[in-house]
Amino acid sequence: MKTHTLLFLSPCILFLTSACTSMPPEIRNFSATDIPYQLVSQNAETYKSTPVRWGGTVIEVENETDFSLMQVLFYPLNRNGYPETRKSGEGRFAVEINKFLDPAIYTKGTEVTIVGTVKGDIERTIGHKTIHIPFITAKAIHLWPQSYREDNSYRYGPYPGYYGYGYPFFYNGYYRPYRYWW
């Protein structure tokens, strides 16, 4: 009896754990080197042609005749390849891709994950200041949908036992702050 249960549970457990990985295939199937942003921003020429998986929020998109150039505010990625925007941004980087990126879709503040290779650095002007930022040639850009952002922002609460609206905010039929629920 125990072997039948074990034979049934093993595929179920494998299926459930594989369902938890929500990294998109174009991001997951790219073999990238885990290089911190700060190292590349200090000396981009050293890391030229190195494959990277970076992400962040869109700052702006510029479309040229043959390519699009996007500036992104860098955030570290979580295990699903999603930018951890609750942490502080580390700096800008530029992304070049050989297709049209619609600025109405890639709006300011939307989360993206990019896979590609370091091309060097590029000079950009911000206000009256000229800076050099890392420059990436993208193989793929994944735009995270609004529903993913909403699902992940409230899935886990600030303390154990919190799984959405309910306990400890809902007590005796009334919503109250958790400190005053007794």
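# Exercises on a predicted model

The second largest pocket of this predicted model has a lining of 13 residues, and those nearest its centre are Thr33, Asp34, Arg53, Trp54 and Leu77. The exercises below begin with this pocket and then turn to the core, the whole chain and some single residues.

## Exercise 1: the pocket

Describe the second largest pocket by its volume, by the kinds of residue in its lining and by the elements that supply them.

Solution. Begin with the volume: the second largest pocket holds about 200 Å³ of space. Next, sort its lining by residue kind, which gives nine nonpolar residues, two polar ones and two charged ones. Then turn to the elements, where β1 and β2 are each found to supply at least two residues of the lining. Finally, ask which element gives the most, and the result is β1, with three residues.

## Exercise 2: an exposed residue at the pocket

Place Asp34 in the chain and decide whether Asp34 is buried or exposed.

Solution. Asp34 belongs to the loop that runs between α2 (25–28) and α3. Its relative accessible area is 78% and the cut-off for exposed is over 50%, so Asp34 counts as exposed. To relate this loop residue to another part of the chain, take Pro51, which is 17 residues away in sequence, and find that the two C-alpha atoms are separated by 8.7 Å. Recall also that Asp34 is among the lining residues nearest the centre of the second largest pocket.

## Exercise 3: the nonpolar cores

Find which residues of the largest nonpolar core touch the most other members, and which elements supply the core.

Solution. The largest nonpolar core has 22 residues, and those touching the most other members are Trp54, Met70, Phe93, Val112, Ile114 and Ile141. At least two residues of this core come from each of α3 (37–42), β1 (51–63), β2 (68–75), β3 (91–97), β4 (111–126) and β5 (129–143). The largest share, four residues, is supplied by β1. Apart from this core there is a second, separate one of five residues, among them Leu69, Ala94, Ile133 and Phe135. As a general background, nonpolar side chains in soluble globular proteins tend to be buried together.

To see one member in detail, look at Val112: with residues up to four places away in sequence left out, its contacts include Trp54, Met70, Val72, Tyr106, Ile141 and Trp144.

## Exercise 4: the whole chain

State how many helices and strands the protein has, in what order they come, and what share of its residues is buried.

Solution. The count is four helices and seven strands. Read from the N terminus, their order is α-α-α-β-β-β-β-β-α-β-β. Of the 182 residues, 34% count as buried. Turning to the contacts with a separation of 6 or more, one finds that 58% of them join residues 24 or more positions apart. The surface exposed by the protein comes to about 12,000 Å², and 57% of this is supplied by carbon and sulfur atoms.

## Exercise 5: three strand residues

Classify Val61, Glu96 and Asp121 as buried, partly exposed or exposed, and list contacts for each.

Solution. Val61 is part of strand β1, and because its relative accessibility of 16% is under the 20% limit, Val61 counts as buried. Beyond its neighbours within four places in sequence, Val61 is in contact with Leu69, Met70, Leu101 and Tyr106.

Glu96 is part of strand β3, and its 12% relative accessibility means that Glu96 is also buried. Setting aside neighbours within four places, the contacts of Glu96 include Phe67, Leu69, Lys119 and Phe135.

Asp121 is part of strand β4, and because its relative accessibility is 38%, Asp121 counts as partly exposed. With the same kind of neighbours left out, Asp121 is in contact with residues including Ala44, Glu45, His132 and Phe135. The C-alpha atoms of Asp121 and Asn43 are 8.5 Å apart, although 78 residues separate the two along the chain.

## Exercise 6: a backbone angle

Say what is notable about the phi of Ser49, and where Ser49 lies.

Solution. Most residues other than glycine have a negative phi. Ser49 is a residue other than glycine, yet its phi is positive, near 70°. Ser49 is located in the loop between α3 and β1, and with a relative accessibility of 57% Ser49 counts as exposed.

Note on methods
Residues are numbered from 1 along each chain as its sequence is written. This is a predicted model: local features need pLDDT of at least 70, side-chain atom pairs count only at pLDDT 80 or more; totals for chains, interfaces and linings use all residues. Side-chain values use heavy atoms; hydrogens and water are left out. A nonpolar core is a set of buried Ala, Val, Leu, Ile, Met, Phe, Trp, Tyr and Cys residues joined through side-chain atoms within 4.5 Å. Buried means under 20% relative accessible area, exposed over 50%, partly exposed in between (1.4 Å probe, protein chains only). Contact means heavy atoms within 4.5 Å. On a 1 Å grid over the protein atoms alone, a cavity is a set of points where a 1.4 Å probe fits but cannot get out, and a pocket is an open set with protein on both sides within 12 Å along at least five of seven lines; lining residues have an atom within 4 Å of a point. Grid points are joined across faces, edges and corners, and a volume is the space filled by probe spheres set on the points. Ala, Val, Leu, Ile, Met, Phe, Trp, Tyr, Cys and Pro count as nonpolar, Asp, Glu, Lys and Arg as charged, and the others, Gly among them, as polar. Accessible areas come from the Shrake-Rupley method with a 1.4 Å probe; for residues, only the protein chains shown count as cover.
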